[in-house]
Amino acid sequence: MCRLTRWAAVTASAAILLLGPGVGVASAAGPAAAGARTLSGGTWGTAIEVPGTATLNTGGYARIDSVSCRSAGNCSAGGTYTDSTGHAQAFVASQVNGTWGTAIEVPGTATLNTGGGAQVNSVSCATAGNCSAGGYYTDSSGHGQAFVASQT
């Protein structure tokens, strides 16, 4: 297990995911945009929105479902957001040297997700910047299908 220097959260309209030393997890449903928070010397800092989720989350619901850190300050996170048509889309975001980058829709899922339901369920990082994400999307027949994506 890595020691986390950041945490992922969804504030105001989704779930909150808290991860800290020893990795504790708490989740609570509610409405909002995805956020991140700094851990410094065992004291939680102020939550921030995950960069880019406000732009993606035009439907008003976002959440992070998985976070993986290979080293302190080098993490990746994934989850779901709702677009302007009310469809769920999968997103990922990465933290490099303690700074979260802009969240993006998982490349390729826009083409796959013709049924309007996609989500990242799991993220795992073998080394900093080398991660894999897995989740699901809904095809045009309404069937759930699996996807994987890699970051290198």
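Trainee: What makes Phe91 count as buried?

Mentor: The relative accessibility of Phe91 is 1%, and buried means under 20% relative accessible area, with over 50% called exposed and anything in between partly exposed (1.4 Å probe, protein chains only), so Phe91 counts as buried. This is a predicted model, in which local features need pLDDT of at least 70 and side-chain atom pairs count only at pLDDT 80 or more, while totals for chains, interfaces and linings use all residues. Residues are numbered from 1 along each chain as its sequence is written, and side-chain values use heavy atoms, with hydrogens and water left out.

Trainee: How many aromatic pairs does the structure hold, and why is the pair of Tyr81 and Phe91 called tilted?

Mentor: There is 1 aromatic pair in the structure. The ring centres of Tyr81 and Phe91 are 6.3 Å apart with the planes at 55°; rings of Phe, Tyr and Trp (its six-membered ring) pair if their centres lie within 6.5 Å, and planes under 30 degrees apart count as stacked, over 60 as edge-to-face and the rest as tilted, so this pair is tilted. It links distant parts of the chain, with Tyr81 in strand β6 and Phe91 in strand β7, 10 residues apart. Tyr81 has a relative accessible area of 5% and is therefore buried.

Trainee: How do you know that β6 is largely enclosed by the rest of the structure?

Mentor: A strand here is a DSSP run (E, at least two residues; helices are H or I, at least four), numbered from the N terminus, and 9 of the 9 residues of β6 are buried, so the strand is largely enclosed. The two faces are each covered: Asn74, Ser76, Gly78, Thr80 and Thr82 are buried on one side, and Cys75, Ala77, Gly79 and Tyr81 on the other.

Trainee: How do you know that β6 pairs with β7, and what joins β5 to β6?

Mentor: Two strands pair if DSSP finds at least two bridges between them; β6 and β7 have 8 bridges and run antiparallel, and β5 is likewise joined to β6 by 8 bridges in the antiparallel sense. Ser68 has Ser76 in β6 as its bridge partner, while Gly78 is matched with Val92 in β7. The hairpin of β5 and β6 has 2 residues between the strands, with Gly73 in the turn at a positive phi of about 85°. In the hairpin of β6 and β7 there are 5 residues between the strands, and Gly86 takes a positive phi near 85°.

Trainee: What makes the link of Cys69 and Cys75 a disulfide?

Mentor: The S to S distance is 2.0 Å, and a disulfide is a pair of cysteine sulfur atoms within 2.5 Å, so Cys69 and Cys75 satisfy the criterion. The link is right-handed, with 100° about the S-S bond. Cys69 lies in strand β5 (residues 62-71) and counts as buried at 9% relative accessibility, as does Cys75 at 2%.

Trainee: How many disulfides does a search of the whole structure find?

Mentor: The search finds 2, and one of them joins Cys125 to Cys131 with an S to S distance of 2.1 Å. This link is right-handed as well, at 100° about the S-S bond. Cys125 is buried at 8% relative accessibility, and Cys131 is buried at 6%. With the bonded cysteines of the protein chain numbered in sequence order, the pairing is 1-2, 3-4.

Trainee: Where does Cys125 stand relative to Cys131, and what is the order of the open sheet of 3 strands?

Mentor: Cys125 stands opposite Cys131 in β11. The sheet has the order β10-β11-β12 with antiparallel pairing, and β10 (118-127) and β12 (144-151) are the edge strands, each pairing on one side only. Between β10 and β11 (residues 130-138) there are 8 bridges.

Trainee: Which residues touch the most other members of the largest nonpolar core?

Mentor: A nonpolar core is a set of buried Ala, Val, Leu, Ile, Met, Phe, Trp, Tyr and Cys residues joined through side-chain atoms within 4.5 Å; in the largest one, of 13 residues, Ile64, Val67, Phe91 and Ala103 touch the most other members. The elements giving two or more residues to this core are β5, β6 (74-82) and β7 (88-96), and the largest share, 4 residues, comes from β5. A second, separate core of 10 residues includes Ala118, Val120, Cys125 and Phe147.
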